[in-house]
Amino acid sequence: MSALLSSIRSTLSPEIGLDLGTANTVVYERGAGVIVSEPSVVAYNTRTDEIVAIGHAAKEMEGRAPERIRVVRPLQRGTISDFRAAQTMVARLVDRALASRPRLVPRLVACIPGCATDIECKAVEQAVRAAGARYTTYVPQALAAAVGAGLDVMSLRAQMIVNIGGGTTEIAIIGTAGIIRMSSLQLGGDFFDHAIVQKLRTQRFIIGAQTAERLKLELGYAGRAHGERFTTINGIDQNVMAPRSRDISSALIGEAMEEGIEHILRAVRAVLERTPPDVASDLIESGITLAGGGALIAGLAAEIGARTNVPTVVAPNALTCVALGAGEILGSATLLERVRPHADRVTRWYQSLRIGMRESFSP
């Protein structure tokens, strides 16, 4: 009977996990999987203030739009920089995801990076609530990534997740649905794109952000290169100030990405160095799991494993595991009450009684 009621509720009021990322926004529905994955980009008309495109359509306009069309990214380094654009983007993507059937307003969990302030957390929550969700809360991005990657976050055994997104990198050691150690860097895929653009400028060749992203995906790597590869791209040759094609080597892209990768490696090692011995011994068995788009950089998992002496793997569905985890957290009352922020211990105690959990507090 309870399973039937749960099925009816999820049909009429879908349970949505939202990864509101700097680079991409992913909408996941429990029971249906990932239903929308779009770039976090909005285009609007500066004369009428009307939003003309979001997602892929807006990204295609980036660098090509007429003067009256402004293309913006509502999130920068994991936090909302344009509230109205973020609100509209979330509302349209959720509507698009659930437009195929009648429904009540959805229940929704959004993911927040660890570097976000209380004000930034509330801004995300308000943007999502304004988009029409009946129930809205937020959870730490690292915990959602761990759940989506298939880690048992309720286990006593410590596990480590490194989530490399578009604007931030979350490094966390997790045990019993809590964060034991954590570091959050305002560095991600966008940092690598910018570094590639700047590197080619030193070669007197100008490219746009979309071309830089393509180079990162096709030629980027960490650690030791496995042979030399080349890709032909178009850009502006500053020597003649005219459009030209040029062959770009993987060695050049690897050199451009080296600084950002070194930052991530140092941050991972710093978290491990602050880890208690018993937790460190758990990690030798459980290892490090990489999530997010940055996890797909060739050679990164092997390089982290070699530099830390801890086995490192890439999560299945690395690109979408944050949204997947958020949806799964919303579907588990026990897990949701454990991982979401609470105002005080009295609130947490009351909620633990309501869901049948035993929890004690020491003075």
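**Around helix α5 and strand β11**

Just after helix α5, G150 adopts a positive phi of about 90°, and this residue of the predicted model is a convenient place from which to turn back into the helix itself. Helix α5 spans residues 141-148 and is mostly covered, with eight of its eight residues buried. The buried residues are Q141, A142, L143, A144, A145, A146, V147 and G148, a list that includes two residues followed further below, Q141 and A145.

A145, which is found in helix α5, has a relative accessible area of 0% and therefore counts as buried, since the cut-off for that class is under 20%. Once residues up to four places away in sequence are set aside, A145 touches I161, N163, A291, C321 and V322. For one of these partners, A291, the separation along the chain is 146 residues, while the C-alpha atoms of A145 and A291 are separated by 6.7 Å.

Another of the residues that A145 touches, N163, has its place in strand β11, which covers residues 159-164. Because its relative accessibility is 3%, and the class requires a value under 20%, N163 counts as buried. The side chain of N163 is joined to the side chain of Q141 by a polar contact of 3.4 Å, and Q141 is itself one of the buried residues of α5. A polar atom of the N163 side chain also lies 3.3 Å from the backbone nitrogen of G292.

The wider surroundings of N163 can be read from its contacts: leaving aside neighbours within four places in sequence, N163 is in contact with Q141, A145, T168, T169, E170, A291, G292 and V322. Among these, A291 and V322 also appear in the list of residues that A145 touches, so that, with contact meaning heavy atoms within 4.5 Å, A291 and V322 each have heavy atoms within that distance of both N163 and A145.

The protein chain as a whole gives the setting for this region. The chain has 13 helices and 18 strands, and of its 363 residues, 49% count as buried. Among contacts in the protein chain with a separation of 6 or more, residues 24 or more positions apart account for 59%, and the pair A145 and A291, 146 residues apart along the chain, can be viewed alongside that figure. The protein chain exposes about 17,300 Å², of which carbon and sulfur atoms supply 51%.

Note on methods: Residues numbered from 1 in each chain as written. Predicted model: local features only at pLDDT ≥ 70, side-chain atom pairs only at ≥ 80, totals over all residues. Heavy atoms only, no water. Buried < 20%, exposed > 50% of the residue type's maximum accessible area, 1.4 Å probe, protein only. Helix = DSSP H or I, 4+ residues; strand = E, 2+ residues; numbered from the N terminus. Polar contact = N/O pair within 3.5 Å; in protein donor to acceptor, adjacent residues only side chain to side chain. Areas by Shrake-Rupley, 256 points an atom, 1.4 Å probe, with all protein chains shown as cover.
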